[in-house]
Amino acid sequence: MSTTSCTTNLTCLKQSDHFPSILRSAIASRLLLLTLILLWRSLLTPYDTSASLKPTCLSSDNSGDSRKPIRWPSIASAIEDSIVWDSVYFVRIAECGYEYEQSYAFLPLLPICISLLSQTIFAPLVSLIGHRAVLGLSGYVINNIAFVLAAVYFYRLSIIILKDPEAAYRASILFCFNPASIFYTSIYTESLYALFSLGGLYHLTSGADNLAMLSFAASGSARSNGVLNAGYIGYHTMHQAYNAMFIKRNVYLAVQVLVAGALRCLCIFVPFIAFQAYGYYNICLGNPNSLRTWCKARPPLLYNHIQTHYWGVGFLRYFQLKQLPNFLLASPILCLAICTVVHYVKLRPEIFLSLGFHASFGTDPRSSADYLSEKSTINVQRDHTVRHRKQKIMKDDPVAVPVENDSLNKPGYSSFIVLPFVLHLGFMAATAFFVMHVQVATRFLSANPPLYWFASCLMLSPAIGMRWGYLIWAYSVAYILLGSLLFSNFYPFT
């Protein structure tokens, strides 16, 4: 049983049985996905058999290793055949670097990690299974370890935000078996992005702003949408500045907070901007005769050009009748995202409309900046303990304790500190629906905590909890099975 009398989050984690359970669930979910990949690969013939092809690098530096004989060809073949879809790009970049313009759509953090691991810890395996198989194995190890760590961060973040270890546990289990699980196990960037995004959010809510900034910057070097995490820093900064200006009446402190926040946001963008500059140097400056129109644009954004030119990404470009199946494939996650946002807005309209600056338009002069950063986790657990004691007293005498009216201390998903998470989710859901290839929404939104917090609360509803619990778990299980079946055999999934 989880105790409610622990004084800090760290103590609560140590005293609770949930932490090892989350760790076991995260590991078990990855082992399950790896088993399903092996099972489906052995039972079915892949739709596209090009995964076994080994084209040499355009530069001759790395081409020699592929011709050396290996001792375990069957294991090497199994690993290399599982490198499908975007995994091909990540492994190719780790092996040969950025050779083609379209390869710059894939940010460098994962390829760098794969290359480093394959050249260090796994280097002795090259003679056994070959260089490309070692690269693939490195990718699998990195992503599955990263997911386990991401699940741990998710649980710790959920404890701080929800102030309820039980709700945090349920949400974390849902995250461990989320519908996009196949991408967290394969050689994709979802695991690294989730690790650094959730880690950054945990550090931000714990008061470690600089550590949060570094984590968010790392997420931006894994996936382009990682730069959106700067919004959390911006939101946090605005409320701190509001608190300094209007509550503490300290103009100098407000300016100091704004400057520090702006610098942190800029640092989060640095890896993405640096990578765009790297692409510009290689393609435009490195080739003066290049006729690429994006080279002459101001600013010359390579990533936007690739998404538009090679993948046809753009506002309403995907709204075609032939894409209806893809809209249906993405409909469960989009519906869940919409319900998550709408439910929060209905519960806390005053918080949503005021962007959390006031509890209810002036009825409480305190800014939410006072509560955004849980620098003293004692307060979190103390509030939880007080509520627990009040509930116990009310069971004996319901009239003894009045109903709490302090909306700023309202626990769970309806808490005001969930607002930036909901805003982030709403923006990403709108982007996925109107701009992106909509089927990508399943994995694009899968690292957003409010989805799981809302689903966890929904499953506990006395009237409809059982029905919605069944639907949510059926959705997750179906997409885990379907995703591992289709994706691993090179069939389209998301």
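**Exercise 1. Two residues with positive phi**

F490 lies in the segment after α22 (465-488). Work out whether F490 is buried or exposed, then do the matching analysis for L316.

*Solution.* First, the ground rules. This is a predicted model, in which local features need pLDDT of at least 70, side-chain atom pairs count only at pLDDT 80 or more, and totals for chains, interfaces and linings use all residues. Residues are numbered from 1 along each chain as its sequence is written, and side-chain values use heavy atoms, with hydrogens and water left out.

Step 1: backbone. F490 is not a glycine, yet its phi is positive, about 65 degrees.

Step 2: burial. F490 has 9% relative accessibility, so it counts as buried (under 20% relative accessible area; exposed is over 50%, partly exposed in between; 1.4 Å probe, protein chains only).

Step 3: L316. This residue is not a glycine either, and its phi is positive at about 65 degrees. L316 belongs to the loop between α14 and α15 (324-347). Helices here are DSSP runs (H or I, at least four residues), as strands are (E, at least two), numbered from the N terminus. At 37% relative accessibility, L316 is partly exposed.

**Exercise 2. Salt bridges**

How many salt bridges are there, and which parts does the pair E101 and R292 tie together?

*Solution.* Step 1: the rule. A salt bridge needs a side-chain nitrogen of Lys or Arg within 4 Å of a carboxyl oxygen of Asp or Glu. Side chains of opposite charge can pair when their charged atoms come close.

Step 2: the count. The rule gives five salt bridges.

Step 3: the pairs. R92 and E99 bring their closest N and O atoms to 2.7 Å, and both residues are buried. E350 and R348 meet at 3.3 Å, N to O; both of these are buried too. E190, R223 and R443 form a salt-bridge network.

Step 4: the long-range pair. E101 bridges to R292, with the closest N and O atoms 3.2 Å apart. E101 is in the loop between α4 (86-96) and α5 (109-119), and R292 is in the loop between α13 (251-285) and α14 (302-309), so the pair ties together parts 191 residues apart in sequence. E101 is buried at 8% relative accessibility, whereas R292 is partly exposed at 33%.

**Exercise 3. A cis peptide bond**

Place the cis bond that ends at P299.

*Solution.* Step 1: the peptide bond from R298 to P299 is cis, with omega near 0 degrees. Step 2: P299 sits in the loop between α13 and α14.

**Exercise 4. The nonpolar core**

Which residues of the largest nonpolar core touch the most other members?

*Solution.* Step 1: the term. A nonpolar core is a set of buried Ala, Val, Leu, Ile, Met, Phe, Trp, Tyr and Cys residues joined through side-chain atoms within 4.5 Å.

Step 2: the members. The largest such core has 127 residues, and L157, F175, I187, F216, L445, L451 and W453 touch the most others. Helix α7 (residues 131-162) supplies the largest share, 17 residues.

Step 3: one of these residues. Beyond residues up to four places away in sequence, W453 touches F154, L157, S158, I161, L162, A171, Y413, V418 and F421 (contact: heavy atoms within 4.5 Å).

Step 4: a buried helix face. L109, L110, P111, I114, S115, L117 and S118 of α5 are buried. Their cover includes α4, α7, α10 (190-205) and α11 (209-220).

**Exercise 5. T237 in α12**

Describe the surroundings of T237 in helix α12 (residues 230-247).

*Solution.* Step 1: T237 is buried, with 8% relative accessible area. Step 2: a polar atom of the T237 side chain lies 2.7 Å from the backbone oxygen of I233. Step 3: setting aside neighbours within four places in sequence, T237 contacts V257, L258 and G261.

**Exercise 6. A nonpolar surface patch**

Which element gives the most residues to the nonpolar patch?

*Solution.* Step 1: the rule. Patch residues have over 30% relative accessible area and no salt bridge; like charges are joined within 9 Å, nonpolar side chains (Val, Leu, Ile, Met, Phe, Trp, Tyr) within 5 Å. Areas come from the Shrake-Rupley method with a 1.4 Å probe; for residues, only the protein chains shown count as cover.

Step 2: the members. M245, F246, I247, V251, V255, V259, L263, L266 and V270 make a patch of about 770 Å². The elements giving two or more residues are α12 and α13.

Step 3: the main contributor. α13 gives the most, six residues. V259 lies in α13 and is partly exposed at 47% relative accessibility.

How values were computed
A polar contact is a pair of N or O atoms within 3.5 Å; within protein, one must be able to donate a hydrogen and the other to accept it, and residues adjacent in sequence count only if both atoms are side-chain atoms.
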